[in-house]
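Student: I'd like a close look at one part of this model, please. Pick a loop residue, start with the terms I need, and then carry on to the chain contact and a sheet.

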Amino acid sequence: MRCHLALVVLTALPSCLWNRFDEEVVNAPIELLDRPAWILGGYSSVMAGDPERDALMVGGHPLLSSGVIFSFSKTPPTLHPACDNQARCRLLGGPVAAGDRAGGTGCFVYGVGAGPTGVGEEIGLLGGCATGELFKLPLPTKVRTLFVEKLFQPGAGAAIFPGLLSVASAGRLLAAGSPDLSLVMILDPSKDLPSEIPAPLEADGSFAQSIALTGGQDPVLAVGAPSQGRVYIFDARGPDYTPRACLRRPGAYGVVLHGFSDRGKPRLAISDASGIVDVVDPNKLPLAESCTEAPKEAIVDTLRCVEDDKVTGCDGGAFGYALASADLDDDGTPEVIVGAPGLNVRGVSNAGALAIFRLDPTTDQPRYLFLSSSSAEERVGSAVAAFRKDGRLVVASSALDKQKTAIFHCAGSSPSARCN
Amino acid sequence: MSFLRRLFVTGLSCVLVITVPNTPARLLAQQPAPVSAERLEKARKHMEEGQSLYAQKRYLEAAQAFQLAYTAQPFAAFLFNEAVCYEKAGELDRALSTFKRYLIAEPNPPDSDNLKKRIQNLEAQIQARHTPHPIPTSPPDESKPPEAMHSLLIFESNPPGAPAQIWQKVDPTAPAFSPDGGNQGWKMVSSGPTPLVATLVPGRYHVSVERWKAYNRSDDEVDVATGRIVQYRTNLSQGEFMGFLRVTTEQVEGARIFLDDPPPHQNKPWGVTPHGELIPRGKHRIWIEAPGYEPYTEEFTIETGQQKTLQATLERVGYGYLVIDGNASAIKISIDGEQVGIYHPDDGPVKSKVSKGTHKLRAEAEGKKPYEGEVEVPAGQSREIHVVLSNRPGRGVAWGAAVFSAATLGAGIYLGLQSNSILSEMRSDRKAGHLAPDDERIWQGKIYAISANAGFTASFLLAGVAAYGFLRDPTPPSFVGVGDPYEFADAPPAAKKHLRPVSSLRLTPLLSHQERALLLQGAF
C-alpha cells in the first residue's frame, strides 16, 4: 500500500511542470489558419485544395461570405481575396481546384450567386489563383439570361438565390450545376463555348445539387439528384451528353459526389444521407436503360462509419458530408477522405472527424487514419481538402467553432517535425 | 584500655569516701533511698554547721541546722542530732517529740533500748515540771564530754542492688573481720541491698558485699568519725569464670545483638552495637540484626577472663525500596517495564521493593508527559522519588494541519494525475496527428498542474505546520526528584531533593492540585 502511494505521488509530481503542455503544442500536428477579416462568418465551411500545389482556398458561409486563397510557397503564407469586391462576392458553389489559369498558379474556380436583391452582384463562375490573379469564366448567353430572369421573377423576392450551386473540376475540365436552372454546364478547354447539359426528363428539381468530374482517360461527369436518390453519369467529353448510366438508392443518394482517378481509372465517391459512402468504378456501370443500384462489380469499396470506444454518434454523424481524395500514403493509389462533422470523439460532442480510407475491397474498412478535434462543436469534416505544404501532402478541414481552418500536417506519410 | 577492662583485670574495689564531722551516735540503718549529690551536699553543709554550733554549745541554733539538713536529705540521723540539741538546750518537749519522730523514721534503731530509756527520762522530767512540787532534776552535767553526734554511712555498689552488710567493731581488741564468719567483737549494725544508708556512731566498721550474681565478694573496713557523712562506693569485680565480650559493627550502630537466642528470638536483645558485657565462658553464638542488612551470625568460644571483641561486618541486603509519589493523580508507576502500582495522593506513596542497582522507571498519567529514566536503588536502603509530570501539550492544531495536509496532498495527487492524464491524451493525439496548438486541454492541463502544485505546496506547508505542532513542546519535560537514601527504619530525610534531568534554563510554573511553584531548570 505504501509502495502504491509512493508510486502515485511520484506519478503526480511531474505535473508540477505545467509548461509541458506548451512544449507539447510547439509544432503541433495541427496548424490553424486564422479567419481573414473579410470573411464574415462560417469560415472554413467550404474549401478546396490542389494536391499538386501549395494552394488552398477557404470560403465562408455560402451566399454570405467570400473566400480566401492561401499560398504556402512562402512562410508565412500569403493570402488573397477570392473577389475584387467582397461585398458583391457571395460564394455559392465550389470551390474546386482548377490548376493554373489566367497566368496564375494554384487557381480555384467557384460559383457565385446573387444576394436577396441581386443588384450589382456577380452571378457566374469566378476564379482566383494563389498568386493573386482573378478571372471570370464565360457563361453561355442562355444561362446568363436565365439567371437574370430567375433573379427578377415577380414575386420571388428575397427567397431566391440563383447561381451555380455545384462546381467540379478534373484536370482542365470544369463543370458547374444549377438546380435553379435544372442544367449543368461543362467547360472543356478544347471547345470554344461551355456545353449545356439539361436535366433528364425524369430528374427532379434537386438535379445538379451535386456534381463531380472524374479524372482519368475517360472522365465522367456525375450529377446528383439527391432528393430523387439518383446519380446520373455522363461522358465528360461528350459529345453526346445523355446519361450513360444512372444509379439510384432509396432515400437521399448522391448528396455529395467526389470524382477522382486511381491510376488513370475514374472513380466516383457517392455518399448518401445514411452515412454510407460508395466508391464505384463508372466504367463498370451498366448502360442507362434504367436507373438501378450500382452492381457489385462496379463498387470498388463501401465506406462506413464505425463506432468504437472513442468514436460515437455515427447515426446522425453526417459521415460523408465532405469528400476528398489524395495519395496521402504515397502508394500510388489515392485515399478517400471522408468528413463526418457530427461525430462525437472521446466524449466531445460534435467534435467531428476525418476518416481516411485506403481503397481495398478485399478487407473490411481498412481505415488509414482518423483525425479529429478535442473541441466541442468544432465539426471537423464539414469541409475537407488536400494540398501540398512544404512539399508534403496535408489535409485541411474545418474548425468551425474556432472560426479557423485546421491543417492536419500528419495526414501524409512524409516525415515531419510535427509528426513524432 | 577501657574502664571496664581495667576493672576486670585488676578486680579493684574503688572506694570513694566523703567525711563530715559527726556527733556521737549509734549506727542507724536507713532504707535505701535515692541520694542526690546536690541534696547530699546541701545536707552535708547544714550538718557541718550544726556540728560546729553544737561544739559552741549553741544548741538551739545547732538544732535548727540539723533540721535544715533533714529537710535537704531526710536521713534519720539528722533527727537524732536535732533531738539531742533540744535536750541540751532544755527544750525537753521538742527533744521528746523529735526523738519520737526519729523512732518513726528509724523503727528499729540499733540503740533502741537506750533511746527508749532516754525518752522515758524526758517524759518524767516533763511530768515533774507540771506537778505542784516538782521533783528536783539535776542540771546538765557540764563536766561530761559532749554527747557524740550520729554519722551517716552511704554504702553504694556498682552495680547496685548487691546484698550489703555493715559490721561495727564493738570490741577494740577483736581480731580482724573474717568473711568466713566467727567474728567475735564485731556486731552487724545494718544490712540490705545497696545503696544502703546507715546512721552510725563513730567507730570502726566492716562493710561487705556477698557474692552476688557474677560478682565477687567485696570486703573493706571504714572508720567513721563523729558527725560525718561517709559515702562508700564499691565497684564489684567479676567472678573468675566469666569472659568479657564486646561486639561492634562497622557499618551501622544500634544493630540488635542476640546471644545464644536463635531466630525466632525468644528474648530481648542482649544489647545493641556497640555493646560489651561479661558472659559465661564457653561456646556461644550471636546473631546481629539491623534493618537493611543481612542477618549476621557467628559462633565463638570465650575463655575465662578473656576479653573478646567481635567486629561484625554486616552486608547490605540486595534490595532497596523506592518510595514514589508525584504531582498528579493516578500515576502509573512501572519499574523495568512492570507496573508496580498506581499513585494516588490520598493513598500515599507507592512503595516498591526493588533489587539494588539501576532500574528503568516509567511514570505516566492521563494528560501528562510520561517520564522515563533510570534510578539508582540503594542496597538495603530506601529512596524517595518525587515524580513531576508536565502537562502534555495540545495537538489539535497539529492534527488539523495534518488532516488538511493529507487532504491537500490527496487533492494535489488527484489534480496531478488529471494533469498527467490530459497530457497523456494530448501526446496520444499528437501521435495520432490531431493535436491543435490551441487545444482547450492545454489550459485545462495547466490549471490542473498549477492546482496540483498549489496542493503540493499547501500540503508541504501544512505538513510543516503539523510537524512543528507535533514537535513543538512548550512544556518542560517530566522529571523526577530523587531523594537521598535512608535506612529502612528511618524516616525519609528532609534533605533537599535533587532535580533531574536538567535540560535547559527556564522558569516553569508548576501548577497542580498539589504543588504550586516555580521550577528552575538549567543546562550548561
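Tutor: First, the vocabulary: helices and strands here are DSSP runs, at least four residues of H or I for a helix and at least two of E for a strand, numbered from the N terminus. Keep in mind that this is a predicted model.

With that in hand, go to B:F488, which sits in the loop between β24 (486–487) and β25 (498–500) of chain B. Its C-alpha lies 5.9 Å from that of B:P291, although 197 residues separate the two along the chain. B:P291 is also one of the residues that B:F488 touches, leaving aside residues up to four places away in sequence. The others are B:G292, B:V317, B:Y319, B:G320, B:Y321, B:G380, B:Q381 and B:S382.

Now for the chain contact. Chain A puts 36 residues into it and chain B 31. Together the two chains bury about 2,800 Å², with 59% of that on carbon and sulfur atoms. On the chain A side, A:W18, A:F21 and A:E24 account for 23% of the area buried against chain B, more than any other three residues.

There's polar chemistry here too. Four salt bridges cross between chain A and chain B, and one joins the side chains of B:D438 and A:K402 at 2.9 Å, N to O. Counting residue pairs in polar contact, both at pLDDT 80 or more, gives 10 between the chains.

Which elements build the chain A side? At least two residues each come from α1 (2–12), α2 (19–25), β1 (30–34), β27 (367–372) and β30 (404–408) of chain A. The largest share, six residues, belongs to α2(A). By type, the chain A side that touches chain B splits into 20 nonpolar, seven polar and nine charged residues.

Last, a sheet in chain A. Four strands form an open sheet in the order β14-β15-β16-β17, paired antiparallel. At its edges are β14 (210–213) and β17 (245–248) of chain A, each pairing on one side only. From one strand to the next, the twist averages 15 degrees. Inside that order, β15 (residues 220–225) and β16 (residues 230–235) of chain A pair antiparallel over six bridges. To find your place on screen, look for A:A222, whose bridge partner in β16(A) is A:I233. As a reminder, strands of a sheet pair through backbone hydrogen bonds, either parallel or antiparallel.

Notes
Residues numbered from 1 in each chain as written. Chains lettered and ligands numbered in written order. Predicted model: local features only at pLDDT ≥ 70, side-chain atom pairs only at ≥ 80, totals over all residues. Heavy atoms only, no water. Pairing = 2+ DSSP bridges. Axes fitted to C-alpha atoms, helices over the stretch in contact; angles between N-to-C directions. Contact = heavy atoms within 4.5 Å. Buried area = accessible area lost by both parts, 1.4 Å probe. Polar contact = N/O pair within 3.5 Å; in protein donor to acceptor, adjacent residues only side chain to side chain. Nonpolar A, V, L, I, M, F, W, Y, C, P; charged D, E, K, R; others polar.
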